[in-house]
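Trainee: Before I use words such as buried, paired or enclosed for a model, I would like to hear what each of them rests on. Could we go through them one at a time?

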Amino acid sequence: ATPTALLVGTGRASQLGILIKGPQILEDTRHVDTILLDKTGTVTTGRLAVTGVAALDGRSDAEVLALAGAVEAGSEHPIAKAVVEAARAAGPLPVPAGFHSAPGGGVRGTAAYDGGPALALVAGRTGWLEENGIVPSAAQQQAFAALQDSGATAIWLAVDGEPAGIISLRDTVKDGSAAAVRRLKELGLRPVLLTGDNAAVAAHVAAAVGIAAGDVYAEVRPEGKVEAVRGLQEAGRTVAMVGDGVNDAAALAQADLGIAMGSGTDVAIEAADITVMGSDLGQVVQAIELSRRTLATIK
Ligand code: ADP
Ligand code: MG
């Protein structure tokens, strides 16, 4: 039988905008000692802005952005949303077709200007380009690395099998994230940052919110997020994972306690034990505090 206090706890939680899948989940939070935080959309706003476009093959910057916008139109990734928004603001987009999305990698598809030929488009990280048989030159990779080192999130656009441009984007750390991380530490949890983004961006965000440099996992593939959770579990830790993306779903399911941001994707919410309705990391702290208070009542 479920102790009444647990039911009261879940009721109180829902008043706070914290949805818990079952009363027993409050119990599971008790042993959590490590909390993995997805970066994009969880610690940061996930509302990226395009800050630069560098054409590589003689096309104009505007055309590179428009083609990227066309192939990204079918993706709900924060990078895609930012690229589409910037591209639409600059003019009409070529019409996309045959779209495929690789979570944690990028997108692929075709698009054509009115009456023009279909162009094969690939957008995303270096590894995703390589998976599609496209290898940027050393000089192009150097330009890409320089943008990343400056703290930008950079993605490639390739057209008809050749690198055509690099798009740089920037994200913003959420207002409440640093305070939430501080509170998690006070509660005895060890915060770890987990991201598919590059190491320079990850280090910058970790420093901004007070996560130790040694507790940052960057350039992690979605499968790698699951492995990171499992690795910590095998090392004897009890792991909570907080995420919002399609790419976080498997890790949310693997974690002892999966927490989804309500602003995130349905797949993440389905995989999680707890969903916080807002987009504030402070609510994650509230969920943990509430479960501890509830359990203290039962004891
Ligand atoms: P995060 O862990 O920060 O949410 P993801 O695992 O979703 O990151 O993505 C990892 C990397 O894969 C991104 O930094 C980007 O380089 C690339 N990527 C993923 N989705 C897209 C997309 N729709 N368009 C372009 N690049 C993408
Ligand atoms: Mg994310």
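Mentor: This is a predicted model, and a good place to begin is ligand 1, where Thr40, His77, Gly104, Arg125 and Gly196 come nearest among the 23 residues around it.

Trainee: What makes a residue count as near the ligand, and which elements supply at least two residues of the shell?

Mentor: The C-beta atom, placed from the backbone, has to lie within 6 Å of the ligand. At least two residues of the shell come from each of helix H3 (39–43), helix H5 (78–90), strand S5 (106–112), strand S6 (119–124) and strand S7 (153–159). By class, the shell has six nonpolar, twelve polar and five charged residues.

Trainee: How do you know where ligand 1 lies with respect to domain 1 and domain 2?

Mentor: Domain 1 (4–45 + 172–298) and domain 2 (49–170) both give residues to the shell around ligand 1, and therefore the ligand lies between them. The centres of the two domains, taken over C-alpha atoms, are separated by 31 Å.

Trainee: How many residues of domain 1 are in contact with domain 2, and which element gives the most to that side of domain 1?

Mentor: With contact meaning C-beta atoms within 7 Å, 13 residues of domain 1 are in contact with eight residues of domain 2. On the side of domain 1 that touches domain 2, H3 and helix H9 (199–209) are the elements that give two or more residues, and H9 gives the most, with three residues. That side of domain 1 has four nonpolar, seven polar and two charged residues.

Trainee: Why does histidine 31 count as exposed?

Mentor: A residue is exposed if 12 or fewer other C-beta atoms lie within 10 Å of its own, and histidine 31 has 12 such neighbours, so it counts as exposed. Histidine 31 sits in the loop between helix H2 (24–28) and strand S2 (34–38).

Trainee: Why can the buried residues of helix H8 be placed on the same side of that helix?

Mentor: The buried residues of H8, which spans residues 177–186, are Ser177, Ala180, Val181 and Leu184. They cover an arc of only 100 degrees around the axis, and so they lie on the same side of H8. After H8 comes glycine 188, with a positive phi near 90 degrees.

Trainee: Why is S7 called largely enclosed by the rest of the structure?

Mentor: Burial requires 20 or more other C-beta atoms within 10 Å, and seven of the seven residues of S7 are buried, so the strand is largely enclosed by the rest of the structure. Both faces are covered, with Thr153, Ile155, Leu157 and Val159 buried on one side, and Ala154, Trp156 and Ala158 buried on the other.

Trainee: How do you know that S7 pairs with S6 and with strand S8?

Mentor: Pairing needs at least two bridges between the strands. Four bridges join S6 to S7 in the antiparallel sense, with valine 122 opposite alanine 158 in S7. Seven bridges join S7 to S8 (residues 162–170), also running antiparallel, and threonine 153 has leucine 169 in S8 as its bridge partner.

Trainee: What makes S1 and S10 the edge strands of the open sheet of seven strands?

Mentor: The order of that sheet is S1-S13-S12-S11-S2-S9-S10, with mixed pairing. Strand S1 (18–20) and strand S10 (216–217) each pair on one side only, and are the edge strands. Elsewhere in this order, S2 and strand S9 (residues 190–194) pair in the parallel sense over five bridges, and leucine 36 has valine 192 in S9 as its bridge partner.

How values were computed. Residues are numbered from 1 along each chain as its sequence is written. Chains are lettered from A and ligands numbered from 1 in the order in which they are written. This is a predicted model: local features need pLDDT of at least 70, side-chain atom pairs count only at pLDDT 80 or more; totals for chains, interfaces and linings use all residues. Ala, Val, Leu, Ile, Met, Phe, Trp, Tyr, Cys and Pro count as nonpolar, Asp, Glu, Lys and Arg as charged, and the others, Gly among them, as polar. Domain bounds come from an automatic or database domain assignment. Two residues are in contact if their C-beta atoms, placed from the backbone, lie within 7 Å. The arc is that of the directions from the helix axis to the C-beta atoms.
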